[in-house]
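Reader: Hey, I'm new to this one. Can you put it up and walk me through a helix contact?
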Amino acid sequence: MNASPAATTQPRVLPRSDEDPRELFARWQQHGDRAAREALVQRFMPLARSLARRYDRSSEPYEDLMQVASLGLLKALDRFDAERGPSFASFAIPTILGEMRRYFRDSGWSLHVPRGDKERALKVRDAQETFTNEKGHAPTVSQLAQYLELEPESVIDGLLAIQAYESLSLDAPRPGGEDDAITYGDTVGDEDHRYELIELDSTVVAVLDRLPAREREILRMRFVEELTQTQIAQRVGVSQMQVSRLLRRSLDQLRAMTQDSTPG
Amino acid sequence: MATPPNVRLDLPSRPENVLLVRESLTGLAEAAGIAGADLSDVRTAATEAANNVVLHAYPGGEGPMEVEIDIAEGFLSVCVRDHGVGLPREAELQDGEGIGLPVIRALTHRVDFMQTPGGGAEVRMEFATPGVRDLPAGEASEVDLLADLEGGENAVGVSIAPPALARPVLPRLLTVLAARAHFSTDRISDIVLLADALVAQGAGSLSGSELRLSVSVEPRVIGLHLGPLRSGRAGELLSDSEVQGLGPILAKLADAHEVLARDSHDVLTLQLQDRR
């Protein structure tokens, strides 16, 4: 699944085999001996598996990675020059990685938010809400990891994706809502009213007053009443993640407005 | 004055710190327009280099791991350095162990393995990603922020130059550290707001063009030291975060704050606790 720091602690990547690999390569490459090829696959599959596991792209299903890595291994078995080359592993690793990289490029990984990342972020968001509703307080990352059966690292990636990609929460239906047609976009109002607000005479109106009433109220609850984000979420009827997003955006806007109104 | 790397991390060589390397790299790389498969290559290679230090540099113990990330002249470069047993230290490939270095070779445009002066190893990786945008360079600060602070052994040191680059990097780093401190998602979100505020307000108060941060993590408590700030500026930094009607945002997000006045500069100390 995830490339974890412990991945390299695998004690042995290659199991012992009684047969000399050079002998096996000769039998396969020169005589087409399929049994020899099978023995080589057996012997070096752990190498392919290790590369698939450590390839840092947890959003791609491990099974798919493994399939591509195995394909790379087969290519390497065919092309390796046992007479001249150094070890097979040093030849096979670039070949297998090359195969994996080509696969990633072909499967559209250049998109800014890979689909797998987005799905995971939505899962983290939904689990966060479910947990909070059940327990009355927000979960830790390890609680979410346990709940979702993910590595903590994947949960952190999910949280970071939620922070980074605002559109994520806006176009996804609210989980567990009675009315599935309601999205966050409907509940938080228009995204871009700030632009017209900024045009107001900045010296006359206090910056806070130029934010929409809802955002102003959330800021007030967080910083004047000093409620937690979870408490605010319960009062306003949105998720804590949504409160977090609104707070972050509002504070950014306030800073931008303050800078605009400060000469120099 | 020497040009510092865009990001430098000073970390104890522990498995959990590898994630900090990856997240700093991700934030910086994305700011330079590196994404998707290219980003994945960079992260994988850097992870291997960092894991190598964690697992092999200090047999039976741990020691310092230094990571420098820089983007200039069309190249992203990552340098991972230790002061441990030096190279070579990985078992040869014939034994089937240690496939980290071949992975690094396969994923980088150029890689050099060197001895660290005074003992230890250094892996310098260079990635040629098409279309990478250069990031601005900062100037090194002469102040060693970490030198006179207690609790330094477990602390995570971060230097960012120029400080504007903290915007894509710092929220990620603090999210990871808050997760490690067993913060709830509620309070993790707060620390992201704090990071934003520090980035926005801090740059103008620094005594150079390098933002330095030392972060210590304990269960449900995070301590932050920020500097070096111009003398007298640490207090102003707090009051600058005041929003009319809301109060000083920075002070309210933190549970405690303190200004440490040094001879040549100020250090701002903030402490955050999880609340449940």
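Author: Sure, and keep in mind that the model is predicted. In chain A, helix H2(A) meets helix H3(A). The H2(A) side includes A:Leu40, A:Val41, A:Phe44 and A:Met45, and the H3(A) side has, among them, A:Tyr62, A:Leu65, A:Met66 and A:Leu73.

Reader: What kinds of residues make up the contact of H2(A) with H3(A)?
Author: They divide into 13 nonpolar, two polar and two charged.

Reader: And at what angle do the axes of H2(A) and H3(A) cross?
Author: Roughly 135°, and the axes come within 9 Å. H2 covers residues 34-54 of chain A, while H3 covers residues 62-79. With that angle, H2(A) counts as oblique to H3(A).

Reader: Is that crossing left-handed or right-handed?
Author: H2(A) passes H3(A) in a right-handed crossing.

Reader: Zooming out, how many helices and strands are there in chain A?
Author: Chain A has 13 helices and zero strands.

Reader: How much of chain A is buried?
Author: 38% of its 264 residues count as buried.

Reader: What share of the chain A contacts with a separation of 6 or more comes from residues 24 or more positions apart?
Author: Those account for 59%.

Reader: Switching to chain B: how far apart are the end C-alpha atoms of H2(B)?
Author: They are 31 Å apart. H2(B) has 22 residues, 36-57, and at 1.5 Å a residue it should span 32 Å, so the two values agree.

Reader: Why call H2(B) largely enclosed?
Author: Because 20 of its 22 residues are buried, H2(B) is largely enclosed by the rest of the structure.

Definitions and conventions. Residues are numbered from 1 along each chain as its sequence is written. Chains are lettered from A and ligands numbered from 1 in the order in which they are written. This is a predicted model: local features need pLDDT of at least 70, side-chain atom pairs count only at pLDDT 80 or more; totals for chains, interfaces and linings use all residues. Axes are lines fitted to C-alpha atoms, for helices over the stretch in contact, and angles run from 0 to 180 degrees between N-to-C directions. Helices (H or I, at least four residues) and strands (E, at least two) are DSSP runs, numbered from the N terminus. Angles under 35 degrees count as roughly parallel, over 145 as roughly antiparallel, 65 to 115 as roughly perpendicular and the rest as oblique. A crossing is left-handed if the near helix is turned anticlockwise from the far one by less than a right angle, and right-handed if clockwise. Two residues are in contact if their C-beta atoms, placed from the backbone, lie within 7 Å. Ala, Val, Leu, Ile, Met, Phe, Trp, Tyr, Cys and Pro count as nonpolar, Asp, Glu, Lys and Arg as charged, and the others, Gly among them, as polar. The expected span of a helix is 1.5 Å times one less than its number of residues. A residue is buried if 20 or more other C-beta atoms lie within 10 Å of its own, exposed if 12 or fewer, and partly exposed in between; C-beta atoms are placed from the backbone.
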